[in-house]
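Here are some notes on how the secondary structure elements are arranged in this model. The points are numbered for ease of reply.

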Amino acid sequence: MRVRVLAAAAAAVLTVAGTASCGGPADDSGAVTLKLGFYAAAGDPADTTMRELVKEFTAANPSIKVQLEVAPYVKFFERLRTQIAGGQAPQVWLSDGVLVQEFAARGALADLSDRVKTVNAADFSGIELNRDAQGRVFGFPQGAQTPVLFYNKKLFAEAKVAEPTAEWTYDDLAAAAKKLTKDANGDGKPDTYGFRAYSPGFTESWWPIVKAFGGDVVTDGGHKVVVDSPQSTAALDWMLRAMGKDGFAPDYVTTEAMGKGVVHTLFATGRVAMSYGIYARTLPAVSAGVDFGVAPLPKGPAGRGNVAIVNSWVVGKGASPAQADAAWKWITFFSGEGPQRKWAELGEAIPINKKVAATALPADRGPVFLESLDAATDLGTNAVWSEYTEALAKRMNEALSGATPVATALQTGQKEAQEVIDRFYAGKTQ
């Protein structure tokens, strides 16, 4: 799995009642028609809340007529790429944060750098994570995700293990995880594991661990793959011990066999006592009634390895000046305190309005997520993020499954990921 928060299979293209039927920039009355796209399953809370906010926005801005284009994640971006190719993209849309540079590199986005200068950047999280190698900003943050350490308080209490602290190292994590691993029925296989080390979503698995051990994935503005290093080897070796000799984490084969949806509910169902998780993982844990806490990621030789994804609003390059102004008006509206508080009630992302985030997030979890977000680097974004991470993840997974030696997997993964990047950037100045 790449980094995805919302995904589904069926498409739903819906239009707000009362919007203009034309797709032009303005009608005879001077009203501007703004096509706004976002991804959500029809009828889910995000869809409902976004529609409510659009109604508030149009009521306050009667000269702007909003036409919504909504579909589940996969279908939305499949269709969007076709629309971009045909010059029919929305004038403003919600982009997965890891895809912003892809759209920008293909000339689909307006540069928002000058517009961003009109707001107080200190009031918002994630703006700096959206800058490209030249310092340009092509997306304004909508909601943030960053991994922290989730832990089950009940399981810790039963095992008489002290809860995680901000001073924990990877040795501390391993020591506690061993004590938390239990074989209740005596069949020789744990019913509860201390920690989930591997995840198909590498944001909650090998990526932050590699960084914590002093390695990195890409440098030079996303142009150079550097994952083949002694530090990355040490990180994967730690994970392999956790899933093998030390036995406190479900192994790769067991985890993969569960399916992606199940993997992300292992913590919520009590199968693991600890797990790395982005903010969205609080939803299944709360729904399951788990008494849980969160702590910062443990410290490795190079620190914590914090990373973040900032999903963002972007403005289409094809928008007319009036539509671009209307799009920016929508973005600043959505970033305001009222809309941000409504969005925060969904519990699916960290609000990017810092004033709202400081008060809207649960007091026992919010500060950990916010501090982790402040310390985070981006997830190696570039114009071919989807392609190069897919090539790299394939080899990393081979290493973590034991199918390929770590050294070989890192060497091959770096070579293949670099080839993907070089094919795109060959001959380009940026």
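1. I start with the three-stranded sheet, bearing in mind that the model is predicted. This sheet is open, its strand order is β8-β5-β9, and the pairing is antiparallel. Strands β8 (274–277) and β9 (292–295) are the edge strands, and each of them pairs on one side only. From one strand to the next, the twist averages 30 degrees.

2. Within this sheet, β5 (residues 148–152) and β8 are joined by four bridges in the antiparallel sense. To locate the register, take Phe 150: its bridge partner in β8 is Ser 275.

3. Two helices lie across these strands. Helix α6 (residues 170–180) lies across β5 and β8, and its direction is at about 130 degrees to β8. Helix α15 (residues 366–374) lies across β5, β8 and β9, running at about 155 degrees to β5.

4. There is also an open sheet of five strands, with mixed pairing and the order β2-β1-β3-β10-β4. The edges are taken by β2 (64–71) and β4 (140–145); each has a single partner strand, so one side of each has no neighbour in the sheet. Here the twist averages 20 degrees from one strand to the next.

5. Inside the five-stranded sheet, the pairing of β1 (residues 32–39) with β3 (residues 92–95) is parallel and rests on two bridges. Leu 36 has Val 92 as its bridge partner in β3. Helix α2 (residues 73–85) packs on this sheet and touches β1, β2 and β3; the helix direction makes about 120 degrees with that of β2.

6. The last point concerns a helix pair. Helices α16 (residues 385–401) and α17 (residues 406–425) pack with their axes 8 Å apart, at an angle of about 170 degrees. Angles over 145 degrees count as roughly antiparallel, and α16 and α17 are therefore roughly antiparallel to each other.

7. What classes of residue make up the contact of α16 with α17? By class, there are 11 nonpolar, three polar and three charged residues. On the α16 side, the residues include Tyr 388, Leu 392, Met 396 and the charged Glu 387 and Arg 395. Among those they meet in α17 are Val 406, Leu 410, Val 420 and Ile 421, together with Thr 412, Gly 413, Gln 414 and Glu 416.

How values were computed. Residues are numbered from 1 along each chain as its sequence is written. This is a predicted model: local features need pLDDT of at least 70, side-chain atom pairs count only at pLDDT 80 or more; totals for chains, interfaces and linings use all residues. Side-chain values use heavy atoms; hydrogens and water are left out. Two strands pair if DSSP finds at least two bridges between them. Axes are lines fitted to C-alpha atoms, for helices over the stretch in contact, and angles run from 0 to 180 degrees between N-to-C directions. Contact means heavy atoms within 4.5 Å. Angles under 35 degrees count as roughly parallel, over 145 as roughly antiparallel, 65 to 115 as roughly perpendicular and the rest as oblique.
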